[in-house]
Amino acid sequence: MQLSKFSDYALRVIVHLAASPDRLMSTRQIAEIHDAKYNHMAKVTGWLVSEGYAESLRGRGGGLRLSKEPSQISLGALLRKLEEDKPMVECLGADGGTCRLSPSCGLSVALQNAQEAFFQTLDPTTVADVITLSPGMANLLNFLNDEPLRPVSSS
């Protein structure tokens, strides 16, 4: 299974915010750290805010912060929400796709089970675990979060 770029960026934003709970980070800052387009990252951070994972404070000195404790954010639950509208194969989509095997295919059931097993494997892992399970992860994130800003592409 391959995650969408949107999901990948959402995970990156979440861990950056979790590593720096005492300060606000801007979308621009996170986009720059990952050499990502600002507009794409803004869609990701907007989704995280709308889904209640992050909150955005406006104005000078504003930015983003987590709205939940990192230990309360399950990777499996987060990825289910992020990937729910992106079926692994077309026949698992809402319209059923155009595959001629769909009426009696056993592959779709097996693939759907595999996708759910993927999410279930990640259910017990929290954002807090991600930061603490790998030695140096918090230090790396804090180092990256402290780097001076460079220009970011807006498209």
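This report describes the overall make-up, helix packing, salt bridges and a few individual residues of a predicted protein model.

The model is predicted, and for that reason local features are reported at pLDDT of at least 70 and side-chain atom pairs at pLDDT 80 or more, while totals for chains, interfaces and linings use all residues. Residues are numbered from 1 along each chain as its sequence is written, and side-chain values use heavy atoms, with hydrogens and water left out.

## Overall make-up

The protein has seven helices and two strands, where helices (H or I, at least four residues) and strands (E, at least two) are DSSP runs numbered from the N terminus. Read from the N terminus on, the elements follow the order α-α-α-β-β-α-α-α-α. The C-alpha trace spans about 55 × 35 × 25 Å along its principal axes. Of the 155 residues, 34% count as buried, a term that stands for under 20% relative accessible area, with exposed meaning over 50% and partly exposed in between (1.4 Å probe, protein chains only). Among contacts between residues at least 6 apart in sequence, 68% join residues at least 24 apart, a contact being heavy atoms within 4.5 Å.

## Packing around helix α4

Two packed helices are described by the angle between their axes and the distance between the axes. Here the axes are lines fitted to C-alpha atoms, for helices over the stretch in contact, and the angles run from 0 to 180 degrees between N-to-C directions.

The axes of α4 and α5 come within 6 Å and cross at roughly 140 degrees. That makes α4 oblique to α5, given that angles under 35 degrees count as roughly parallel, over 145 as roughly antiparallel, 65 to 115 as roughly perpendicular and the rest as oblique. On the α4 side the contact is made by L75, G76, L79, R80 and E83, which meet E116, F118, F119, Q120 and L122 of α5. The residues of this contact divide into five nonpolar, two polar and three charged; in this sorting Ala, Val, Leu, Ile, Met, Phe, Trp, Tyr, Cys and Pro count as nonpolar, Asp, Glu, Lys and Arg as charged, and the others, Gly among them, as polar.

Helix α4 also packs with α1, at an angle of about 145 degrees and with the axes 10 Å apart. In this contact F6, S7, A10, L11 and I14 of α1 meet L75, L78, L79, L82 and E83 of α4, and the residues divide into eight nonpolar, one polar and one charged.

## Salt bridges

Side chains of opposite charge can pair when their charged atoms come close. With a salt bridge taken as a side-chain nitrogen of Lys or Arg within 4 Å of a carboxyl oxygen of Asp or Glu, the count comes to five. The table gives three of these bridges, including their N to O distances.

| Pair | Closest N to O distance |
|---|---|
| R12 and D8 | 2.9 Å |
| E116 and R80 | 2.7 Å |
| R80 and D123 | 2.7 Å |

R12 and D8 are four residues apart in helix α1 (residues 5–19), so about one helical turn separates them. R12 is partly exposed at a relative accessible area of 27%, and D8 is partly exposed at 29%.

How are R80, E116 and D123 linked? The three residues are joined in a network of salt bridges. In the bridge between E116 and R80, E116 lies in helix α5 (residues 107–122) and R80 in helix α4 (residues 75–83), so the pair ties together parts that are 36 residues apart in sequence. In the bridge between R80 and D123, D123 lies in the loop between α5 and α6 (127–133), so this pair ties together parts that are 43 residues apart in sequence. Each member of the network is partly exposed, with relative accessibility of 30% for E116, 25% for R80 and 28% for D123.

## Individual residues

Most residues other than glycine have a negative phi. D35, although not a glycine, has a positive phi of about 50 degrees. D35 is found in the loop between α2 (27–33) and α3 (38–50) and is exposed, with a relative accessible area of 73%.

Is T126, in the loop between α5 and α6, buried or exposed? T126 is buried, with a relative accessible area of 13%. Leaving aside neighbours within four places in sequence, T126 is in contact with P70, S71, I73 and S74.

A138 lies in helix α7 (residues 137–146) and counts as partly exposed at 27% relative accessibility. A138 and A18 are 120 residues apart in sequence, and their C-alpha atoms are 9.0 Å apart in space.
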